[in-house]
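Colleague: I'm new to reading structures and could use a guided tour. Can we go through one together, feature by feature?

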Amino acid sequence: QVRLVESGGGLVQSGGSLRLSCAASGFTLAWYDMAWYRQFPGQEREFVASLSKERITFYADAVKGRFTISRDTDKNMLSLQMNNLKPEDTAEYYCNRGVVGTFPGNYWGRGTQVTVSS
C-alpha cells in the first residue's frame, strides 16, 4: 500500500529555515517522479518543487533559490529544505508521487503545516 507521511512543519520567524520530510512506504521512492505542493487557505494546491527519477529538479519561481528538494534512497524519504522563509510561504505542504511537469500524481500525504511569522 502506497503511503506518504510528511513531517517537519512548524512555526518559524521570517528569514528562518525548516526542513520538511516525506517518508514513503509501499514503493521505492527513487523509481518515481516526486514533488512538493502547498495549499493556502481557500485556494487550490500549487506546485512547489519536483525531483525526477533522474534527479532532475524543478522549482516554482516563488521558491527558486530558497528551497531545495532532495531524496534519501536509503531512508526512502523525500525532503524539502526551506531557507529564507517568508510570511507568504505559510501554507500546508504536501508530498506527491507521480508528478508530470507541474501536474500532480494520484498519491498524496496528509500534509504538514508551515507558519512563518513576520
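Modeller: Sure! Two strands count as paired if DSSP finds at least two bridges between them. Keep in mind that this is a predicted model. Here, strand 1 and strand 3 are joined by five bridges, in the antiparallel sense. For one of those contacts, look at S7, whose bridge partner in strand 3 is S21.

Colleague: What holds paired strands together in general?

Modeller: Strands in a sheet pair through backbone hydrogen bonds, parallel or antiparallel. In this model, four strands make an open sheet, ordered 1-3-8-7, with antiparallel pairing. Strand 1 (3–7) and strand 7 (67–72) are at the edges with a single partner strand each, so one side of each has no neighbour in the sheet. On average, neighbouring strands of this sheet are turned by 15 degrees against each other, ignoring direction.

Colleague: Which residues form a disulfide?

Modeller: Two cysteine sulfurs within 2.5 Å count as one. C22 and C95 fit, with their sulfur atoms 2.1 Å apart. The pair links distant parts of the chain: C22 sits in strand 3 (residues 18–25) and C95 in strand 9 (residues 91–97), 73 residues apart. The S-S torsion is about -80 degrees, so this disulfide is left-handed.

Colleague: Are those cysteines buried or exposed?

Modeller: Buried means under 20% relative accessible area. C22 is at 0%, so it counts as buried, and C95 is buried at 0% too.

Colleague: What about R97, also in strand 9: how far away is the nearest side chain of opposite charge?

Modeller: That's D33, 10 Å away; R97 is buried yet has no salt bridge. Leaving aside neighbours within four places in sequence, R97 contacts several residues, including V2, F27, Y32 and Y107.

How values were computed
Residues are numbered from 1 along each chain as its sequence is written. This is a predicted model: local features need pLDDT of at least 70, side-chain atom pairs count only at pLDDT 80 or more; totals for chains, interfaces and linings use all residues. Side-chain values use heavy atoms; hydrogens and water are left out. Helices (H or I, at least four residues) and strands (E, at least two) are DSSP runs, numbered from the N terminus. Buried means under 20% relative accessible area, exposed over 50%, partly exposed in between (1.4 Å probe, protein chains only). Lys and Arg count as positive and Asp and Glu as negative; His and the chain ends are not counted. A salt bridge is a side-chain nitrogen of Lys or Arg within 4 Å of a carboxyl oxygen of Asp or Glu. Contact means heavy atoms within 4.5 Å. Axes are lines fitted to C-alpha atoms, for helices over the stretch in contact, and angles run from 0 to 180 degrees between N-to-C directions.
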